[in-house]
Amino acid sequence: MTTHRQTRTVADRELIAEARRLLDAGFRLGLVAAHDDGDRLRVVYLFLAGRPDRRIELSVTTSADQPQVPSLAGLSFPAGRFEREMADLFGIAPLGHPRPYRLVRHAHWPQDWYPMRRDAGPPPPFTSTARYPFKTVEGPGVYEIPVGPIHAGLIEPGHFRFSVVGESVLRLKIRLWFLHRGVERAFQGRPVGDATTLAEHISGDTSAGHALAHSLAVEDALGVAVPDEAQRLRALLVELERMYNHVGDLGALANDVSLGLANAHALQVRERLLRINRSVTGHRLLRGAIRPGGVHLRELPDPDELRRIGDDVAEIAALTLGNSVVYERFARTAVLPGADARVLGTLGYVARASGVSTDARLDHPVTALPVTEAGDDGGDVLARYIVRRDEVAASVELACHLTETHGGPTDIAVSLPEKGRAADGVGIVEGWRGTIVHRVEIDADGTLTRAKIVDPSWFNWPALPVAMTDTIVPDFPLANKSFNQSYAGNDL
């Protein structure tokens, strides 16, 4: 399918009015990318709307000496976070932002060093700093519980600070970006055909999703048309990725309320899916199969085995939800109301479990797929479990359809032009957590000059504290797992 973007440059004074017009028309802010063009800095705002697929970019330039843009935080919650990210990494001040304090660069980072600027140079030494000004919740019986950033489990660092009365959570503050890795800077200077491996490692459990989003962005920039057969094989890999991750989460959620039997069965099914991944691509996490211009599969999965897996997952879910203790722990726990889910811009199963319809396979398709939409409006742990369960069943049927209707080769490659003109492109994929967006810029020599990456976790992390309001502290592990956001995908 052919996608089209409208791109236009607007003046500072026009930005807010143009953004308001698009948001009022049903668009969402999918990405904000800052660029260092030397004597000027440029900010690109990508607005997205689906069914039909619509993509509009607004571009604003500002002086490199005193870079600033009008803040859109009053119109869009995600915009305010993108702006704070730009301020930290590029030094672009968002004028009128209600809370312009640091987001990515914690206070010990040097004040006037912006790592994404061309002249940033090596990082100066970190400096000592005062304690982070956490908001203090006061009142009779209120106390704080700090958790992290170092955790007992094998997860990346994040700090969670609970203000509680008894066991009830009044407020939760989450701090991330303890391991800002400079991933976007690492894309710069790479040949267009030599950055897929880096994309696969953005968030390890979403290798296929990020590899595909990157490949689509490169192909969009270069004007490369990939055959529909290749797009369908790519879609198959993303569905395999969705299945093994959702199955693991279904088991982990049961395990968090001590139903270890369901978790054991889910882990067994997840292992079967990982072995299918290895047979299909040579890698258990589906790496090395998707690249700009093509796709390479060693073999197709066995549809009968996929359907047996679907039946087993349905049985595991029935066992889990049929347990009255488990059901009561899931129901009405960590509720994210639909109105809050919309304002925060949530994506994926988090949004769909709160009644928000969003799916890039339908909103921004690259090939026609018979997608069965899963959804719920409960907004609680139970709803997020049910949506995952239903998505596994839908993914099984979609994967079987893609396998059984494929009649051509499983190794498809289209040559990329070595040189051409400077260009930019966007890739949008419905990863297992939600919509992934990549935007790349390429120079005339076929070298990447900028890559902006937005994992769905960027949008979904702020929803967890909202859902935790009035939830008890012992239910935090369960609530957190029901969201299951990526630290790595957020802390780029």
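**Salt bridges and how they are called**

Over residues 266–402 the chain is 58% helix and 4% strand, with the end C-alpha atoms 24 Å apart; here helices (H or I, at least four residues) and strands (E, at least two) are DSSP runs, numbered from the N terminus. This is a predicted model, where local features need pLDDT of at least 70, side-chain atom pairs count only at pLDDT 80 or more, and totals for chains, interfaces and linings use all residues. Residues are numbered from 1 along each chain as its sequence is written, and side-chain values use heavy atoms, leaving out hydrogens and water.

Me: Why is the pair D424 and R5 called a salt bridge?
Reply: A salt bridge needs a side-chain nitrogen of Lys or Arg within 4 Å of a carboxyl oxygen of Asp or Glu. The closest N and O atoms of D424 and R5 are 2.8 Å apart, so the pair fits.

Me: What makes this pair a tie between parts of the chain?
Reply: D424 lies in strand β13 (residues 423–430) and R5 in strand β1 (residues 5–9), so the pair ties together parts that are 419 residues apart in sequence.

Me: How do you know whether D424 is buried or exposed?
Reply: Buried means under 20% relative accessible area, exposed over 50%, and partly exposed in between (1.4 Å probe, protein chains only). D424 has 27%, so D424 is partly exposed.

Me: And what makes D359 buried?
Reply: Its relative accessible area is 2%, so D359 falls under the cut-off. D359 forms a salt bridge with R361, their closest N and O atoms being 2.6 Å apart.
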